[in-house]
Structure formats: C-alpha cells, structure tokens
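Student: I would like a close look at a single part of this model, taken slowly and with its surroundings. Could you give one connected account of it?

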There are 2 protein chains.
Amino acid sequence: MPSIAILGAGAMGSGLANALTRAGWDVNLWGTWLDDHLIDAIEAGTPHPRIDTVISDRVTTFRSGDLAEALEGVDVVALSVASVGVPKVVEMALDGISKADALWLTTKGFLPMPDGRIQLLPDGIRRIADEAGVTIPPIVAIAGPVKANECAANEPTATIFGCRDYDVAVKYAREARSDHYCIEPSNDEVGVEVCAPMKNVYAIMLGIADGLEEKTGHPHHNLKAATFAQAVREMSILSQKLGADAATAFGLPGVGDLEVTGLSGRNKVYGVRIGRGEGAKAAMKTMEELEQTVEGVNAIPLAIDLVEQSAPDVKDQMPLLYAARTIVYDDDPEFANIVARAVLPPMP
Amino acid sequence: MPSIAILGAGAMGSGLANALTRAGWDVNLWGTWLDDHLIDAIEAGTPHPRIDTVISDRVTTFRSGDLAEALEGVDVVALSVASVGVPKVVEMALDGISKADALWLTTKGFLPMPDGRIQLLPDGIRRIADEAGVTIPPIVAIAGPVKANECAANEPTATIFGCRDYDVAVKYAREARSDHYCIEPSNDEVGVEVCAPMKNVYAIMLGIADGLEEKTGHPHHNLKAATFAQAVREMSILSQKLGADAATAFGLPGVGDLEVTGLSGRNKVYGVRIGRGEGAKAAMKTMEELEQTVEGVNAIPLAIDLVEQSAPDVKDQMPLLYAARTIVYDDDPEFANIVARAVLPPMP
C-alpha cells in the first residue's frame with residue numbers, strides 16, 4: 001500500500017486523510033504547532049472541530065515535535081498547511097520531501113517573495129528547495145470543488161491532480177481514487193494554482209449578490225450569475241496569460257471550484273455580510289472575532305500584484321478583481337454599483 | 001425612437017417590455033389566446049401574475065385578435081411565446097415579421113420537425129418562412145442569465161444578443177441598453193440556441209444535489225459543483241460540435257445562464273423534488289397540478305435526438321444528459337448514484 005505524510009491537520013489535510021484511508025493508503029497526519037487541539041480531537045475519536053466529522057482511526061497522528069517520525073519512509077508528502085505557513089514548513093520538512101516520490105499540495109495561495117514578487121506556490125517551493133541545495137520530487141497540485149467536510153464524510157467528490165509530469169498525475173489519480181473520491185489528472189500546474197486562490201476572491205463577490213437579496217428583500221440572481229460568468233472569464237484570462245490551458249478555468253478547478261466556494265464557506269459568508277450593508281471593514285472585524293480567516297481578502301492584493309508584475313496587459317480585462325479591492329480595502333459604500341459596473345457588459 | 005412588437009405576454013416578453021421602455025423604445029405587447037388574464041393584469045396596473053412586477057404603462061397592450069395592429073409599422077418583432085407555440089405564431093405573424101428590420105427571439109427550445117428531425121429555433125423559423133415563400137429579416141437570439149422578474153424590476157441584468165450578422169447584434173445591443181439592462185453582442189447564434197434549452201436540463205440535475213441535502217441533512221455541494229462543471233463541459237462539447245464558438249458555453253449563455261437557472265425556477269425546483277426522494281414521475285405530477293411547466297423535462301428527449309442525429313460522435317461525452325433521461329423518464333430510484341457516475345471523473 002502507498003504511504004503518505006500529510007502535513008497540517010486542518011480541514012483539508014484531515015479530509016484528504018479520510019479519503020486516502022478509503023483508498024487503502026497508510027496515512028500519517030502531522031499537526032503543526034497550531035494544531036494540537038485538532039490532534040486531540042482526532043485521537044479522542046470525536047469530530048474534527050473544523051469539519052465536524054470523525055477522522056478514521058486508521059490515520060496515525062503526529063504532534064508538531066514529531067515531524068521527522070511522520071515523514072519517515074513515506075512514499076508521498078502532502079502539504080496542507082495555511083499558505084502563510086508554507087515557507088517555514090517546507091524548510092522544516094525538506095529532508096523528508098526530498099526522499100519522497102512526490103510532493104502533493106492542497107495548500108492554495110499566492111506566495112509573496114522577500115523581494116516583493118508574487119510566485120505561484122509550486123514555484124515558491126521549488127525556489128526554497130533550490131536555495132537550500134535540495135532536489136525535490138514532482139509537485140502535484142490538488143484542487144477542484146472539494147469541501148473538506150464532505151470529502152471526509154465520503155460524499156461524492158471530484159478533484160483534480162495537476163502535475164507537469166502527466167504520468168505522475170495519472171499514477172496518483174488511480175492510486176488515490178475510491179468510489180466517492182474521483183480524480184481527474186491534468187498536466188496544468190499553473191492553471192490549477194491560479195484558479196484556486198482567485199476563486200476565493202470571486203466567492204466574496206458572489207456573496208455580495210446574496211447579501212443584497214437579504215438587504216433588499218428581492219433576489220439579485222441576474223447579478224450573481226453575471227458575476228459568476230465574469231469571474232470565470234477573469235480566471236481564464238489570467239491563467240492562460242500565465243501559461244495555463246483554457247480547459248482548467250472552464251473545468252473543475254475554475255468553474256467547479258467557484259461553484260462550490262460560492263455555495264458556502266467563509267469567503268462567501270464575508271461577501272454576504274458586505275452585501276447586507278455591514279460595511280467591508282466592520283464585517284472583516286466580525287469575521288476576525290469569530291476567528292474565521294477569509295482567504296480571499298488576503299488574496300486580493302497578491303492577485304493584483306501578480307497581474308501587474310506578470311500579466312500587465314490583461315489588467316483592463318479584470319475589472320471584477322479590481323472591484324474586489326475597492327470594495328474590500330477601500331470599504332466603498334457604493335459596492336452594489338461597483339459590482340454591477342464590473343460584471344455587466346460595457347456599451348459595445 | 002425604435003419600436004417593437006413583442007409577441008407573448010408571459011414572463012420574458014413582459015420583462016423585455018419593461019426593459020425596452022427604459023431604453024426609450026415604443027413597445028407593443030401582444031398576448032396570445034392564452035394570455036388574456038396576463039393582459040388584464042397589465043392593463044389594470046396590477047403586478048404581472050407570472051413575475052409579480054407591474055408592467056410599465058408606457059407599454060401598449062394588444063389582445064390575441066389584434067395581432068395585425070400590434071405588428072403595424074414596428075421596427076422589430078420579438079418572439080416570446082412558449083416554444084411549442086412557435087410554428088403557429090410565426091405563421092400568423094409572418095407578414096409583419098417580413099416587414100420588420102429584425103426578428104428577436106427570447107423563446108428557447110429545440111424544434112421537432114414533422115419529419116422527426118430536431119432543429120434549432122432560428123433554423124426552424126427560417127424553414128417555416130421559406131416554405132411560405134416569405135423573406136424574413138435577421139434573427140437575433142436573446143439569452144443569458146436573465147430572470148424575467150428581475151429584468152422587469154430593473155435589477156442589474158446581463159444578457160447576450162446573438163446574430164449571424166454581428167453588426168446587427170451590435171446595433172441592438174446599443175439601442176436596447178439601459179443602465180441596468182446591459183447587452184453583449186455576439187455572432188454565435190448556434191451557441192446561444194444550444195445552451196439555452198440545455199441549461200434547463202442541467203438545472204434539474206443541479207436541483208437534485210440540493211434535494212439530496214434536504215433528504216440527508218448534509219450538504220452535497222461537492223456533487224453539485226461537479227455537476228455544474230460537467231454540465232458546462234457538455235454544453236461546450238455539443239454547441240461546438242454544431243458550429244458554435246467555445247466562448248459562448250463558457251460565457252453568459254452557458255456558465256452564466258446555468259448559474260441563474262440553478263438558483264431558482266421550475267427546473268431547479270423539480271430537481272429538488274427528485275433529490276428529496278419524491279420520485280421523478282410523482283414530482284412531475286405535482287408540478288403539473290401546480291401548472292408549472294418544467295421546460296427541461298421536455299428538452300431532454302429533444303436534446304438526445306439532436307445529439308444522435310447531428311452530433312453522434314460526442315454522445316459518449318454527454319453522460320449527464322443521458323443520466324437526466326434515465327432519472328426523469330425511467331424514474332430510476334438510484335438517481336443519486338446515477339448523477340455521481342455521470343459527473344465524477346472516470347478512472348484515468
């Protein structure tokens with residue numbers, strides 16, 4: 001049986017752990033120094049606090065001090081920590097990663113480098129390894145419409161494994177598959193890595209339309225659908241500009257993941273609060289008090305930096321991204337008009 | 001000011017009437033022999049029964065016997081009747097249509113010909129005109145994510161005007177635009193006409209995921225998102241096979257309209273009933289008792305005929321369409337597994 005060390009015992013790491021036990025894998029689940037309470041719950045057999053689902057007792061847990069033991073002899077290492085933790089955890093785990101056949105990546109986000117440049121996560125990880133003089137195995141970018149709680153609970157789930165080496169993607173898409181956890185292999189690492197953080201930004205914008213419905217008492221479905229279509233358009237434009245295939249933004253990582261992220265989750269909830277009229281900054285304070293990190297908020301300025309550094313000629317084709325910055329960071333009370341202007345077709 | 005005769009006083013015809021008065025058009029709204037109660041409400045200034053919105057008193061109403069008067073001297077004729085009524089109403093209005101500068105089409109559906117072949121609506125209308133020896137003006141196919149009630153109420157709405165003659169699409173996209181009714185011109189008549197009826201089929205499938213959530217008490221968001229992505233894929237495959245641009249299925253008529261149709265409406269409600277476990281046939285009976293036509297149900301066999309007649313080599317790439325037939329027409333109680341098999345990636 002293949003074996004894996006999943007680094008990060010949060011929602012997605014734990015969801016993946018359950019899915020892989022169903023496919024017969026030996027799973028080590030390592031919790032960071034922030035995850036002790038999660039490991040406690042898993043070991044006690046009580047529902048995981050973040051996903052309200054029990055993690056299989058076939059998963060072997062490791063605490064933050066036992067990283068080397070967790071990595072010992074595994075075939076695959078999976079990185080499932082928050083994106084801000086990537087540089088540190090990669091450095092800590094570099095020796096184990098270098099000995100594995102592949103590094104899987106469920107963490108998603110844009111990585112700001114010390115020099116201010118924005119990198120996609122796999123590029124950032126390869127750079128960290130290069131600088132340490134360590135050779136790492138192929139990276140498999142995992143994304144698509146996967147709510148971790150449903151994945152953990154064995155609800156039907158489609159996901160995508162993107163690796164520059166397509167044969168590697170196919171190998172793991174076969175080995176990790178189970179009846180309800182089905183994997184599409186792809187060679188489009190860039191497309192997967194661009195869509196995943198972008199969809200969090202756009203899910204905020206979808207939430208605004210829902211919030212407007214709550215505020216006004218009548219649906220804003222036409223606006224929500226126009227927002228959805230514009231979001232997909234912008235993901236496809238940016239990802240293709242950075243070298244991705246068109247199919248990725250229009251498939252599971254783009255269209256599919258935007259759909260699931262717009263149905264529930266913190267990004268959408270935050271957007272609903274804005275749409276209701278709570279004010280973007282006040283709503284953010286509320287989310288912080290609830291200890292609910294809104295990934296899309298952090299992604300906005302990084303995405304704009306990425307566009308302006310690496311794809312400046314498509315800047316004008318991404319009005320919804322810039323609208324997100326105006327609404328969230330400038331707290332503009334005209335948010336409803338700003339969304340409409342960004343997503344309704346211009347005068348031809 | 002441009003003038004229009006809108007044929008059909010149902011939801012979409014009346015919504016379009018309100019939108020066009022805002023753009024300064026002179027609007028004649030003709031009700032069919034089935035629409036007298038709708039015309040009554042419009043003339044009384046009470047909310048339109050189908051969309052709960054008052055229709056502007058600048059709209060001039062006509063009853064079924066006054067078709068010639070409604071068509072007299074207008075620049076544009078718009079066809080907004082139910083798709084089954086298209087042949088009859090086109091024949092009745094042919095003289096007026098032939099004198100107009102354009103025929104707009106908000107009606108959507110696949111048209112079964114007497115010989116059993118399935119045509120797209122514009123092709124069917126051109127055939128009817130040809131057989132009568134009448135020359136008709138350019139057809140503008142109107143679609144996209146437009147709930148008629150929101151359009152009528154001046155909520156922000158994005159739509160698409162598709163005409164083989166792109167300049168015609170641009171002309172009307174400019175002339176019909178108002179602040180909250182914004183139009184993207186397109187030359188892709190085929191793409192618009194394929195996506196519009198197909199999305200009704202797929203909205204039923206999206207509803208099933210919502211119904212499963214009601215039935216089981218836990219979300220099926222991953223399944224719904226995988227269904228959404230597969231639906232978009234199938235719309236793009238079929239429409240491109242029939243000559244459409246890729247952009248159409250991935251834009252407002254495909255992705256956008258599927259999003260809005262999956263949020264509310266009869267197709268989605270019917271799917272929810274199936275997902276809840278009411279049984280496809282029993283649920284259809286309930287919808288019929290409520291006088292709620294489910295367009296997607298009628299579209300399923302026509303779409304399958306269209307595929308098998310005109311695009312047989314993509315048949316195997318459309319498992320969700322065939323799953324819809326099995327679920328709706330065979331009333332298969334294994335519907336949840338059937339959807340999952342159709343939308344989860346196969347073993348690579």
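What follows is a request about one helix and the tutor's account of that helix and its surroundings.

Student: Please concentrate on helix α12 of chain A, residues 266-276. Which residues of α12(A) meet α13(A), and at what angle do the two helices pack?

Tutor: The model is a predicted one, and everything below should be read with that in mind. Helix α12 of chain A covers residues 266-276, and Arg266(A) lies in it. An unreviewed UniProt entry lists Arg266(A) under "binding site", together with Lys108(A) and Asn267(A). Is Arg266(A) buried, partly exposed or exposed? With a relative accessibility of 32%, Arg266(A) counts as partly exposed, because the partly exposed class lies between 20% and 50%. Beyond the residues up to four places away in sequence, Arg266(A) touches Met287(A), Glu291(A), Gln292(A), Thr293(A) and Val294(A).

A second arginine of the helix, Arg273(A), is also placed in α12 of chain A. Arg273(A) has a relative accessibility of 17% and therefore counts as buried, since the limit for that class is under 20%. When residues up to four places away in sequence are set aside, the contacts of Arg273(A) are with Glu278(A), Ala283(A), Thr286(A), Met287(A) and Leu290(A). Met287(A) thus appears among the contacts of Arg266(A) and among those of Arg273(A).

These contacts lead to the neighbouring helix. Two packed helices are described by the angle between their axes and the distance between the axes. For α12(A) and α13(A), the latter comprising residues 280-289, the angle is about 140° and the axes are 9 Å apart. That angle makes α12(A) oblique to α13(A), because only angles over 145 degrees count as roughly antiparallel. The crossing in which α12(A) passes α13(A) is right-handed. On the α12(A) side, the residues that take part are Arg266(A), Val269(A), Tyr270(A), Arg273(A) and Ile274(A), and they meet Ala280(A), Ala283(A), Met284(A), Thr286(A) and Met287(A) of α13(A). An α-helix has 3.6 residues a turn, so residues three or four places apart point the same way. Both arginines discussed above, Arg266(A) and Arg273(A), belong to this set of meeting residues.

Another member of that set, Tyr270(A), connects the helix with the interior of the model. In the largest nonpolar core, which has 122 residues, Tyr270(A) is among the residues with the most contacts inside it, alongside Met198(A), Leu321(A), Met198(B), Tyr270(B) and Leu321(B). In soluble globular proteins, nonpolar side chains tend to be buried together. Leu321(A), also named for that core, is one of the buried residues of helix α15 of chain A, residues 319-329, the others being Leu320(A), Tyr322(A), Ala323(A), Ala324(A), Ile327(A) and Val328(A). The elements that cover these buried residues of α15(A) include α12 and α13, as well as α8, α9, α14 and α16 of chain A. Just after α15(A), Asp331(A) takes a positive phi of about 55°.

Helix α16 of chain A gives a further view of the surroundings. Its buried residues are Phe335(A), Ile338(A), Val339(A), Ala340(A), Ala342(A) and Val343(A), and they pack against α12 along with α8, α9 and α15 of chain A. Helix α12 of chain A is therefore named both in the cover of the buried residues of α15(A) and among the partners of the buried residues of α16(A), by the contact criterion of heavy atoms within 4.5 Å.

For the wider setting, the unreviewed UniProt entry places the feature "domain: Glycerol-3-phosphate dehydrogenase NAD-dependent C-terminal" at residues 188-331 of chain A. That span is 78% helix and 0% strand, and its end C-alpha atoms lie 36 Å apart.

To return to the annotation, Lys108(A), listed by UniProt with Arg266(A), is found in the loop between β5 (102-105) and β6 (110-112) of chain A. Lys108(A) is buried, with a relative accessible area of 14%, whereas Arg266(A) is partly exposed at 32%. Apart from residues up to four places away in sequence, Lys108(A) touches Ser83(A), Leu121(A), Ile142(A), Ala143(A), Val192(A), Glu193(A) and Ala196(A).

Definitions and conventions:
Residues are numbered from 1 along each chain as its sequence is written. Chains are lettered from A and ligands numbered from 1 in the order in which they are written. This is a predicted model: local features need pLDDT of at least 70, side-chain atom pairs count only at pLDDT 80 or more; totals for chains, interfaces and linings use all residues. Side-chain values use heavy atoms; hydrogens and water are left out. UniProt positions are given in the numbering used here, feature names are shortened, and annotations may be inferred rather than shown by experiment. Helices (H or I, at least four residues) and strands (E, at least two) are DSSP runs, numbered from the N terminus. Buried means under 20% relative accessible area, exposed over 50%, partly exposed in between (1.4 Å probe, protein chains only). A nonpolar core is a set of buried Ala, Val, Leu, Ile, Met, Phe, Trp, Tyr and Cys residues joined through side-chain atoms within 4.5 Å. Axes are lines fitted to C-alpha atoms, for helices over the stretch in contact, and angles run from 0 to 180 degrees between N-to-C directions. Angles under 35 degrees count as roughly parallel, over 145 as roughly antiparallel, 65 to 115 as roughly perpendicular and the rest as oblique. A crossing is left-handed if the near helix is turned anticlockwise from the far one by less than a right angle, and right-handed if clockwise.
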